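Hi everyone, thanks for making time. I'd like to walk you through a structure this morning, so please have a look at the screen.

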Amino acid sequence: MENRNWKIFRKPGWILNPDDKVVNGILKGLSRCDGHCPCHNKYAGTDDDLCPCKSYIEDDVCCCKLYIKE
């Protein structure tokens with residue numbers, strides 16, 4: 001597995017999921033998917049699903065729960 005440095009995108013009202021198992025699972029999924037969201041979101045198959053995906057950045061939805069609302 002390639003070691004990549006994923007960037008954390010901070011947004012008011014949102015935090016990185018405090019559950020390390022969830023975060024580590026998502027990071028492994030991102031590695032397998034070359035940075036694309038491992039969940040099925042409406043932008044799947046486009047560059048808009050690169051993490052942090054457009055669903056999170058613009059639509060306030062994190063499908064994979066990497067980010068959760070405070």
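**A walk around one lysine and its neighbours**

Let's begin with confidence: the protein chain averages a pLDDT of 86, and 91% of the residues score at least 70. Please keep in mind that this is a predicted model. Among the elements of the chain, E2 has the highest mean pLDDT, at 95, and H2 the lowest, at 91. As a general caution, where pLDDT is low, the predicted coordinates should not be read in detail.

Now to Lys11. You'll find Lys11 in the segment before strand E1, which covers residues 14-16. Is Lys11 buried or exposed? Lys11 counts as buried, because its relative accessible area is 13% and the cut-off for buried is under 20%.

Which residues does Lys11 touch, if we leave out those up to four places away in sequence? They are Tyr56, Ile57, Glu58 and Asp60. Let me take two of those partners in turn, beginning with Tyr56.

A polar atom of the Lys11 side chain lies 2.5 Å from the backbone oxygen of Tyr56. There is a second side to this pairing: the charged end of Lys11 sits over the Tyr56 ring, 5.0 Å from the ring's centre.

The other partner is Asp60. The side chains of Lys11 and Asp60 meet in a salt bridge, with N to O at 2.5 Å. That pair links distant parts of the chain, since Lys11 is in the segment before E1 and Asp60 is in the loop between H2 and strand E2 (67-69), 49 residues apart. While Lys11 is buried at 13%, Asp60 is partly exposed, because its relative accessible area is 35%.

Let's stay with salt bridges for a moment. How many does the structure hold? There are four. Besides the one we just saw, Asp59 and Lys42 meet through their side chains in a salt bridge of 3.3 Å, N to O. This one also links distant parts of the chain: Asp59 is in the loop between H2 and E2, and Lys42 is in the loop between helix H1 (20-32) and H2, 17 residues apart. Asp59 counts as partly exposed at 29% relative accessibility, whereas Lys42 is exposed at 65%.

Then there is Glu58, which forms a salt bridge with Lys54, their closest N and O atoms being 3.8 Å apart. Glu58 is exposed, with a relative accessible area of 56%, while Lys54 is partly exposed, at 25%. Salt bridges that share partners bring Asp48, Lys54 and Glu58 together into one network.

Back to Tyr56, this time for its ring. The structure holds three aromatic pairs. One of them is Phe9 with Tyr56, an edge-to-face pair at 6.0 Å centre to centre with 85° between the planes. Why does this pair tie together parts that are 47 residues apart in sequence? Because Phe9 lies in the segment before E1, while Tyr56 belongs to helix H2, residues 54-57. Phe9 is partly exposed, with a relative accessible area of 32%, whereas Tyr56 is buried, at 1%.

Trp14 and Tyr56 make another edge-to-face pair, this one at 5.2 Å centre to centre, again with 85° between the planes. Here too, distant parts of the chain are linked: Trp14 is in strand E1 and Tyr56 in helix H2, 42 residues apart. Both Trp14 and Tyr56 are buried. Taken together, ring pairs link Phe9, Trp14, Tyr56 and Tyr67 into a cluster.

One last stop, at Asp49. This residue is found in the loop between H1 and H2. Asp49 counts as buried because its relative accessibility is 4%, and buried means under 20%. Which side chain does the side chain of Asp49 make a polar contact with? The answer is His36, at 2.4 Å. Leaving out residues up to four places away in sequence, Asp49 touches Gly35, His36, Cys37, Asn41, Tyr43 and Ala44.

If you take one picture back to the bench, let it be Tyr56: its ring pairs edge-to-face with Phe9 and with Trp14, and the charged end of Lys11 sits over that ring. Thanks for listening!

Technical notes: Residues are numbered from 1 along each chain as its sequence is written. This is a predicted model: local features need pLDDT of at least 70, side-chain atom pairs count only at pLDDT 80 or more; totals for chains, interfaces and linings use all residues. Side-chain values use heavy atoms; hydrogens and water are left out. Helices (H or I, at least four residues) and strands (E, at least two) are DSSP runs, numbered from the N terminus. Buried means under 20% relative accessible area, exposed over 50%, partly exposed in between (1.4 Å probe, protein chains only). A polar contact is a pair of N or O atoms within 3.5 Å; within protein, one must be able to donate a hydrogen and the other to accept it, and residues adjacent in sequence count only if both atoms are side-chain atoms. Contact means heavy atoms within 4.5 Å. Rings of Phe, Tyr and Trp (its six-membered ring) pair if their centres lie within 6.5 Å; planes under 30 degrees apart count as stacked, over 60 as edge-to-face and the rest as tilted. A charge sits over a ring if NZ of Lys or CZ of Arg is within 6 Å of the ring centre and within 35 degrees of the ring normal. pLDDT is the predictor's confidence in each residue, from 0 to 100.
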